Amino acid sequence: MSELAVRVKPTSRKALRAKACRLRQQLGVKDDYFPIVDLLDPILSHQFPQYVFDVLPTEAMHPEEHALTDPDQRVILIREDTYIGACEGVGRDRFTLAHELGHLVLHGGNYLARTVVPRQQKPTHQKFEDSEWQADNYAAELLMPIDAVKQCRNADELASRCGVSVPAAKVRFQVLRSEGVM
């Protein structure tokens, strides 16, 4: 199986953090739990006129594709079971919606190169130039703000507090520790 490695304009975690914080402030979200399902449509309507947000039947998408975004065409397609999971508060599915929002917010018109890279190979560009890395980090910043992470003792507590999966919370702790934030 191959995946698309998309090189985009370089963006640091610090810049992604600032964008996520700015969106939280613009929307008046002060709670640790970001209501991605409730706010996704209003965010898109306001910031991206004429966007398409569609929930497709589960069988209409490849089993490994939970969602697809084309930021240039302003299209987000979500697999039905993923959307239902996000509505029910499933952390992985909530993260998927935030990740796709990240693509839309960050990458419209910013694609520098699109190449198909075998899964076992690494792309030739730097991680901070990779659209997936950027969307993952944007989603983490949006759903698990630093202040919330600092108030939690462990990944289980962070996952519960912010409505994300325990694996995502563990990665968030690791990243912030490696940055010296924690």
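## Strand 4 and its neighbours

Let's start inside this predicted model. Strand 4, which spans residues 75-79, is mostly covered, with four of its five residues buried. Two other strands pair with strand 4, and they make a good pair of examples to trace in the structure.

Strand 2 (residues 52-56) runs parallel to strand 4, and five bridges join the two. Strand 3 (residues 67-70) runs antiparallel to strand 4, with four bridges between them. Try finding Val75 on your screen: Val75 is the bridge partner of Val52, and Val75 is also the bridge partner of Asp70. Strands 3 and 4 form a hairpin with four residues between the strands, and in this hairpin Arg74 takes a positive phi near 60 degrees.

## The whole chain

Now step back and look at the full chain. How many helices and strands are there in the protein chain? There are eight helices and five strands. Reading from the N terminus, their order is β-α-α-β-β-β-α-α-β-α-α-α-α.

The protein chain has 182 residues, and 46% of them count as buried. The chain exposes about 9,800 Å², with carbon and sulfur atoms supplying 49% of that area. Contacts also tell us how the chain folds back on itself: among those with a separation of 6 or more, 67% are between residues 24 or more positions apart.

## Salt bridges across the chain

The structure holds seven salt bridges. One of them brings together the side chains of Arg13 and Glu179, at 3.9 Å from N to O. This pair links distant parts of the chain, 166 residues apart: Arg13 sits in helix 1 (residues 13-27), while Glu179 sits in the segment after helix 8 (166-178). Is Arg13 buried or exposed? Arg13 is buried, because its relative accessible area is 18% and the cut-off for buried is under 20%. Glu179, at 30% relative accessibility, counts as partly exposed.

Another salt bridge joins Asp32 and Arg161, whose closest N and O atoms are 2.3 Å apart. Asp32 lies in the loop between helix 1 and helix 2 (36-47), and Arg161 lies in helix 7 (residues 155-162), so this pair ties together parts that are 129 residues apart in sequence. Asp32 counts as buried at 18% relative accessibility, whereas Arg161 is partly exposed at 30%.

## A local pair and a network

Glu157 and Arg153 form a salt bridge too, with their closest N and O atoms 3.6 Å apart. Arg153 counts as exposed, at 69% relative accessibility.

Which residues are linked in a network of salt bridges? They are Arg13, Arg17, Glu141, Arg172 and Glu179. You have already met two of these, Arg13 and Glu179, as partners in a salt bridge.

## The cysteines

A disulfide is a covalent bond between the sulfur atoms of two cysteines. The structure holds zero disulfides.

Why does Cys162 not form such a bond? The closest cysteine sulfur, in Cys152, is 6.0 Å from the sulfur of Cys162, which is too far for a bond, because a disulfide needs the two sulfur atoms within 2.5 Å. Cys162 is buried, with a relative accessible area of 0%. Cys87, in contrast, counts as partly exposed, at 45% relative accessibility.

Conventions. Residues are numbered from 1 along each chain as its sequence is written. This is a predicted model: local features need pLDDT of at least 70, side-chain atom pairs count only at pLDDT 80 or more; totals for chains, interfaces and linings use all residues. Side-chain values use heavy atoms; hydrogens and water are left out. Buried means under 20% relative accessible area, exposed over 50%, partly exposed in between (1.4 Å probe, protein chains only). Two strands pair if DSSP finds at least two bridges between them. A salt bridge is a side-chain nitrogen of Lys or Arg within 4 Å of a carboxyl oxygen of Asp or Glu. Contact means heavy atoms within 4.5 Å. Accessible areas come from the Shrake-Rupley method with a 1.4 Å probe; for residues, only the protein chains shown count as cover.
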